[in-house]
Amino acid sequence: MSDEHYVRSATFIKSAVYPADYPETEGHPEIAVAGRSNVGKSSLINKLVGRRRLAKVSSTPGRTQLLNFFDVDGTFVLCDLPGYGYAKVPAHIKRNWGKMVETYLSTRSELRALLLLMDVRRTPGEWEKQLVGWSSMHGYTLIPVVTKVDKLGSSKRKPAIAKVARGLGLGPKQVIGWSAVSGQGLDVLWRRIDRLTGQEEMDGRSDSPA
Ligand code: GDP
């Protein structure tokens, strides 16, 4: 099944910092994507919506520290949160970043889910744990994704994924093992998204087992 099967159109809406600048999206459900720099966020977005240019928009100079909103098929909105953890970013920018993301995650009423990306070879840090806490506090679904599982041999994958899950206080089945290289996790991720955006009954995407 090709990636294109899933998404017919994905377009950049706008960038924003403050709530007054967030786009008007007619109440379409929104899914935010967060992760440390280099976790594989651009690769995941590219694979998910099958549009290389989209993630490129977020990495355009001037947009890397902003919230970038995209419309996907006119059915849901994707908000790409700026990558966290650039060592070279000055402290005051990090503070502003934290405030911008916290404000978005605590006030955006359209938000249905947070896709939280973590590298399979890293231990989740305070920041990731905080995002898990905010998700339950603000009442949207957390979709934890463990990236780059292809970097480990097949016997090491399951225990490594379980370790990341434990680090977040979650069970191993709650997290999705993902590889942008092999496409592992793509179907499961789409099923979770479809369930949240009310698409699963419309086009039969949920037919195959999890
Ligand atoms: P971002 O900074 O989070 O947007 O990360 P990118 O998507 O730009 O990926 C950072 C690096 O990791 C790039 O060299 C990617 O090719 C690589 N990468 C991303 N996802 C995967 C994956 O699933 N498997 C492997 N092996 N490499 C990946």
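**View 1. Ile143 and the residues around it.** Setting aside neighbours within four places in sequence, Ile143 is in contact with Ala113, Leu114, Leu115, Leu116, Ile176, Leu189, Arg192 and Leu196 (contact means heavy atoms within 4.5 Å). This is a predicted model, in which local features need pLDDT of at least 70 and side-chain atom pairs count only at pLDDT 80 or more, while totals for chains, interfaces and linings use all residues. Residues are numbered from 1 along each chain as its sequence is written, and side-chain values use heavy atoms, with hydrogens and water left out. Ile143 sits in strand 6, and with 1% relative accessibility it counts as buried (buried is under 20% relative accessible area, exposed over 50%, partly exposed in between, using a 1.4 Å probe and protein chains only). Gln174 is 31 residues from Ile143 in sequence, yet their C-alpha atoms are 7.8 Å apart in space.

**View 2. The sheet and its edges.** Here we have 7 strands in an open sheet, ordered 1-3-4-2-5-6-7, with mixed pairing. Strand 1 (10–16) and strand 7 (176–177) are the edge strands, each with a single partner strand, so one side of each has no neighbour in the sheet. Strands (E, at least two residues) and helices (H or I, at least four) are DSSP runs, numbered from the N terminus, and two strands pair if DSSP finds at least two bridges between them. Over at the strand 7 edge, strand 6 (residues 141–147) runs parallel to strand 7, joined by 2 bridges. Val146 has Gly177 in strand 7 as its bridge partner.

**View 3. Strand 2, boxed in.** What happens to the two faces of strand 2? Both are covered, with Glu30, Ala32 and Ala34 buried on one side and Ile31, Val33 and Gly35 buried on the other. That is 6 of the 6 residues of strand 2, so the strand is largely enclosed by the rest of the structure. Strand 4 pairs with strand 2 in the parallel sense over 4 bridges, and Glu30 stands opposite Val77 there. Strand 5 also runs parallel to strand 2, with 6 bridges between them; in that pair, Ala34 is opposite Leu116.

**View 4. Helix 6 over the sheet and against helix 1.** Helix 6 (residues 186–197) lies across strand 2 (30–35), strand 4 (76–80), strand 5 (111–119), strand 6 and strand 7, at about 165° to strand 6. Its axis and that of helix 1 (residues 41–49) come within 11 Å and cross at roughly 75°. Axes are lines fitted to C-alpha atoms, for helices over the stretch in contact, and angles run from 0 to 180 degrees between N-to-C directions. Helix 1 and helix 6 are therefore roughly perpendicular to each other (65 to 115 degrees; under 35 is roughly parallel, over 145 roughly antiparallel and the rest oblique). On the helix 1 side, Leu44, Lys47 and Leu48 meet Leu186, Leu189, Trp190 and Ile193 of helix 6. By class, this contact has 6 nonpolar, no polar and 1 charged residues. For those classes, Ala, Val, Leu, Ile, Met, Phe, Trp, Tyr, Cys and Pro are nonpolar, Asp, Glu, Lys and Arg charged, and the others, Gly among them, polar.

**View 5. Two nonpolar cores.** The largest nonpolar core has 35 residues, and those with the most contacts inside it are Leu67, Phe69, Leu81, Tyr104, Leu105, Leu114 and Leu131. Such a core is a set of buried Ala, Val, Leu, Ile, Met, Phe, Trp, Tyr and Cys residues joined through side-chain atoms within 4.5 Å. Helix 3 gives the most to this core, with 5 residues. Leaving out residues up to four places away in sequence, Tyr104 touches Tyr22, Glu30, Ala32, Leu67, Phe69, Cys79, Leu81 and Leu111. A second, separate core has 27 residues, including Leu48, Ala113, Val145 and Ile193.

**View 6. A few loop residues.** Most residues other than glycine have a negative phi. Glu26 isn't a glycine, but its phi is positive, about 55°; this residue is in the loop between strand 1 and strand 2 and is exposed, with a relative accessible area of 71%. Lys148 is another non-glycine with a positive phi, about 60°, and lies in the loop between strand 6 and helix 5. Gly74 is in the loop between strand 3 and strand 4 and, at 35% relative accessibility, counts as partly exposed. Its C-alpha atom is 9.3 Å from that of Thr25, 49 residues away along the chain.
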